[in-house]
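Q: Could you zoom in on one part of this model and talk me through it slowly? I'd like the reasoning spelled out as you go, not just a list.

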Amino acid sequence: MRGGNSGVSTLDRPPRPVTARWRPVWPAYAAAVWVIVYVLWVFLDLAGHVLSGDYLNAPLLASVLADSVLRAVCGVLALATVRPWRHTVPAGPMLLLAWAAAGGSLAFPLLKYTQVGLAGYGLAEPWPGPLFTVASVGLTLGSVLFVLAAVSFLNRSTAPRRWAILGLFLGFCVMYLPVSHW
């Protein structure tokens with residue numbers, strides 16, 4: 001066929017042979033542990049501010065709490081990709097949820113690093129703080145773990161890849177909402 005197109009969409013191609021796919025389960029467990037550490041850190045930080053009498057404005061507090069709750073849900077979703085109880089959800093929606101968790105975890109680091117890159121060209125305001133903090137490095141690490149868990153689950157799943165693309169978009173949209181108000 002001319003042009004090298006076989007007429008088969010890349011979204012509908014059959015999965016690669018099992019021997020050629022990357023399918024470890026450790027990224028899902030690592031992402032779940034990361035979520036536990038992150039949520040504990042956020043709540044202890046908030047408790048420290050409250051106990052010391054610091055004033056936290058309501059929108060910031062609400063967005064931090066919403067972010068923490070959504071990340072905890074993402075941790076459960078990451079675990080669901082490797083535990084037997086994931087079979088209670090059909091493969092397509094489970095793939096969508098796994099990639100929504102990955103997309104959601106990418107929202108803040110991508111927003112931050114994009115803004116820093118655009119500020120270098122004068123196209124955006126500079127980031128209002130240090131670039132490499134414990135929080136930004138930690139959130140980037142969490143993002144990498146969630147993406148690795150989602151890729152591993154994608155390679156183990158029989159669902160069409162379009163579920164992954166839809167989930168990635170959904171995750172960006174859902175997690176961007178609390179992040180956009182910071």
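A: Let's fix one word before anything else: a residue counts as buried when its relative accessible area is under 20%. Leucine 46 comes in at 12% relative accessibility, so it counts as buried. Keep in mind that this is a predicted model.

Leucine 46 is found in helix 1, and helix 1 covers residues 26-51. Leaving aside residues up to four places away in sequence, leucine 46 touches Leu56, Leu61, Val64 and Leu65. Take valine 64 from that list: it is 18 residues from leucine 46 along the chain, and their C-alpha atoms are separated by 9.1 Å.

Now for the aromatics. Ring centres of Phe, Tyr and Trp have to lie within 6.5 Å to pair, and planes under 30 degrees apart count as stacked, while those over 60 count as edge-to-face. Apply that and you get three aromatic pairs. Tryptophan 34 and tyrosine 38 are stacked, because their ring centres are 5.1 Å apart and their planes sit at 15°. As for how they are placed in sequence, these two residues are four apart in helix 1, so about one helical turn separates them. Tryptophan 34 is buried, with a relative accessible area of 10%, and tyrosine 38 is buried too, at 9%.

Tryptophan 34 has another partner, phenylalanine 146, and here the geometry is edge-to-face: 6.2 Å centre to centre, with 90° between the planes. Phenylalanine 146 lies in helix 4 (residues 134-156) and tryptophan 34 in helix 1, so this pair ties together parts that are 112 residues apart in sequence. Phenylalanine 146 is buried as well, with a relative accessible area of 3%. Put together, Trp34, Tyr38, Trp41 and Phe146 make one aromatic cluster. There's a charged neighbour here too: arginine 71 lies over the face of tyrosine 38, 5.3 Å from the ring centre.

Phe146 and Arg71 also lead us into the helix packing. Phe146 is one of the helix 4 residues that meet helix 3, alongside others including Ser143, Val147 and Ala150. On the helix 3 side of that contact you'll find, among others, Trp99, Ala102, Leu106 and Tyr113. Helix 3 (residues 91-120) and helix 4 pack at an angle of about 155°, with their axes 8 Å apart. That angle makes helix 3 roughly antiparallel to helix 4, since the cut-off for that label is over 145 degrees. Their crossing is left-handed.

Arg71, for its part, sits in helix 2 and joins Cys74, Leu77 and Ala80 in meeting helix 3, where the contacted residues are Met94, Leu97, Ala101, Gly104, Ser105 and Phe108. Helix 2 (residues 58-80) packs against helix 3 at about 140°, with the axes 9 Å apart. Helix 2 and helix 3 are therefore oblique to each other. Helix 2, too, passes helix 3 in a left-handed crossing.

Zooming back out, the chain has five helices and zero strands, and along the sequence the pattern reads α-α-α-α-α. Of its 182 residues, 33% count as buried. Looking at contacts between residues at least 6 apart in sequence, 79% join residues at least 24 apart. The edge-to-face pair of tryptophan 34 and phenylalanine 146 spans 112 residues in sequence.

Definitions and conventions
Residues are numbered from 1 along each chain as its sequence is written. This is a predicted model: local features need pLDDT of at least 70, side-chain atom pairs count only at pLDDT 80 or more; totals for chains, interfaces and linings use all residues. Side-chain values use heavy atoms; hydrogens and water are left out. Rings of Phe, Tyr and Trp (its six-membered ring) pair if their centres lie within 6.5 Å; planes under 30 degrees apart count as stacked, over 60 as edge-to-face and the rest as tilted. Buried means under 20% relative accessible area, exposed over 50%, partly exposed in between (1.4 Å probe, protein chains only). A charge sits over a ring if NZ of Lys or CZ of Arg is within 6 Å of the ring centre and within 35 degrees of the ring normal. Axes are lines fitted to C-alpha atoms, for helices over the stretch in contact, and angles run from 0 to 180 degrees between N-to-C directions. Angles under 35 degrees count as roughly parallel, over 145 as roughly antiparallel, 65 to 115 as roughly perpendicular and the rest as oblique. A crossing is left-handed if the near helix is turned anticlockwise from the far one by less than a right angle, and right-handed if clockwise. Contact means heavy atoms within 4.5 Å.
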